[in-house]
Amino acid sequence: MCLFAAISILPVAFNIPALAMDCDRTARIGYDLHTSKHSSSLDRSTLEQARKYYEQTLSNCPGYCRKHPELCNNLGDVYKRLGMKDRALSYFRMAAREKPGYGDALFEIGMILEEKGLLGAALDLYLKALDA
């Protein structure tokens, strides 16, 4: 059997949904784009491409963030860098909900709340992030 044929039956042989394998692949492409350069130098085009792959992952596998809350946190970071703070906030909150005590997500939520003038709530989240 050729390698391609073996790979094509892999999901069936091991009862692995092919879509789940695609979700891992698209998530990885998004991650690679998101981390392809020094984080402060990502251009808008690269961020948009990462956003597209992260969103495709969540569209194809809606429960993906339950197993991989880092994806929601990364998508929140992409939206934040694109200037879409409310959208970013929803993904950071999703990541924190799926992984209680997730310091990175709690810190990012705190930063956005601080920018909105919600200083008390931001401080609480900064403290929780430090304890994480």
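## Exercises on a predicted helical model

At 15% relative accessibility, Cys61 counts as buried. This residue belongs to one of the disulfides treated below, and the model examined throughout is a predicted one.

**Exercise 1. Determine which cysteine is bonded to Cys61, and describe the link.**

Step 1. Identify the partner. Cys61 is joined by a disulfide to Cys23, with an S to S distance of 1.8 Å. A disulfide is a covalent bond between the sulfur atoms of two cysteines.

Step 2. Assign the handedness. The link of Cys23 and Cys61 is right-handed, with 85 degrees about the S-S bond.

Step 3. Locate both ends. Cys23 lies in helix 2 (residues 18–34), while Cys61 lies in the loop between helix 3 (44–60) and helix 4 (64–67), so the pair ties together parts that are 38 residues apart in sequence.

Step 4. Assess the burial of each end. The cut-off for a buried residue is under 20% relative accessible area. Cys23, at 0% relative accessibility, counts as buried; Cys61, at 15%, also counts as buried.

**Exercise 2. Describe the surroundings of Cys23 in helix 2.**

Step 1. List the contacts. With neighbours within four places in sequence left aside, Cys23 is in contact with Thr57, Asn60, Cys61 and Tyr64.

Step 2. Add a backbone distance. Cys23 and Ser59 are 36 residues apart along the chain, and their C-alpha atoms are separated by 9.1 Å.

Step 3. Follow one contact outward. Tyr64 touches Cys23, Asp24, Ala27, Thr57, Leu58 and Leu71, when residues up to four places away in sequence are not counted.

**Exercise 3. Characterise the second disulfide and state the overall pairing pattern.**

Step 1. Count the disulfides. The structure holds two.

Step 2. Name the remaining pair. Cys65 and Cys72 form a disulfide in which the sulfur atoms are 1.8 Å apart.

Step 3. Derive the handedness. The torsion about the S-S bond of Cys65 and Cys72 is about 95 degrees, so this disulfide is right-handed.

Step 4. Check burial. Both Cys65 and Cys72 are buried.

Step 5. Write the pattern. With bonded cysteines counted along the chain, the disulfides follow 1-2, 3-4.

**Exercise 4. Establish which residues touch the most other members of the largest nonpolar core, and which helices contribute to it.**

Step 1. Find the residues with the most contacts. The core comprises 33 residues, of which Leu58, Tyr64, Leu71 and Ile109 touch the most other members.

Step 2. Trace the helices. At least two residues of this core are supplied by each of helix 2, helix 3, helix 4, helix 5 (69–81), helix 6 (85–98), helix 7 (103–115) and helix 8 (119–131).

Step 3. Find the main contributor. Helix 6 provides the largest share, six residues.

Step 4. Set the core in the context of the fold. The protein chain has eight helices and zero strands. Of its 132 residues, 37% are buried.

**Exercise 5. Describe two helix crossings and the residues that form them.**

Step 1. Give the geometry of helix 3 and helix 5. Their axes come within 10 Å and cross at roughly 145 degrees, and the crossing is left-handed.

Step 2. Name the residues that meet. Helix 3 contributes Leu47, Ala50, Arg51, Tyr54, Glu55, Thr57 and Leu58, and these meet Leu71, Cys72, Asn74, Leu75, Val78, Tyr79 and Arg81 of helix 5.

Step 3. Give the geometry of helix 6 and helix 7. The axes come within 9 Å and cross at roughly 150 degrees; this crossing is left-handed.

Step 4. Name the residues of this contact. Helix 6 uses Lys85, Ala88, Leu89, Phe92, Arg93, Ala95 and Ala96, and helix 7 uses Ala105, Leu106, Glu108, Ile109, Ile112, Leu113 and Glu115.

Step 5. Examine one residue of helix 6. Arg93 is partly exposed, with a relative accessible area of 42%. Residues up to four places away in sequence aside, Arg93 touches Ile109 and Leu113. Arg93 is also 21 residues from Cys72 in sequence, with 8.6 Å between their C-alpha atoms.

**Exercise 6. State how confident the prediction is, and where the pLDDT is below 50.**

Step 1. Take the chain as a whole. The average pLDDT is 84, and 81% of the residues score at least 70.

Step 2. Locate the low-scoring stretch. The pLDDT is below 50 over residues 1–19, and this stretch has ten contacts in the model beyond near neighbours in sequence.

Technical notes:
Residues are numbered from 1 along each chain as its sequence is written. This is a predicted model: local features need pLDDT of at least 70, side-chain atom pairs count only at pLDDT 80 or more; totals for chains, interfaces and linings use all residues. Side-chain values use heavy atoms; hydrogens and water are left out. A disulfide is a pair of cysteine sulfur atoms within 2.5 Å. Helices (H or I, at least four residues) and strands (E, at least two) are DSSP runs, numbered from the N terminus. Buried means under 20% relative accessible area, exposed over 50%, partly exposed in between (1.4 Å probe, protein chains only). Contact means heavy atoms within 4.5 Å. A nonpolar core is a set of buried Ala, Val, Leu, Ile, Met, Phe, Trp, Tyr and Cys residues joined through side-chain atoms within 4.5 Å. pLDDT is the predictor's confidence in each residue, from 0 to 100. Axes are lines fitted to C-alpha atoms, for helices over the stretch in contact, and angles run from 0 to 180 degrees between N-to-C directions. A crossing is left-handed if the near helix is turned anticlockwise from the far one by less than a right angle, and right-handed if clockwise.
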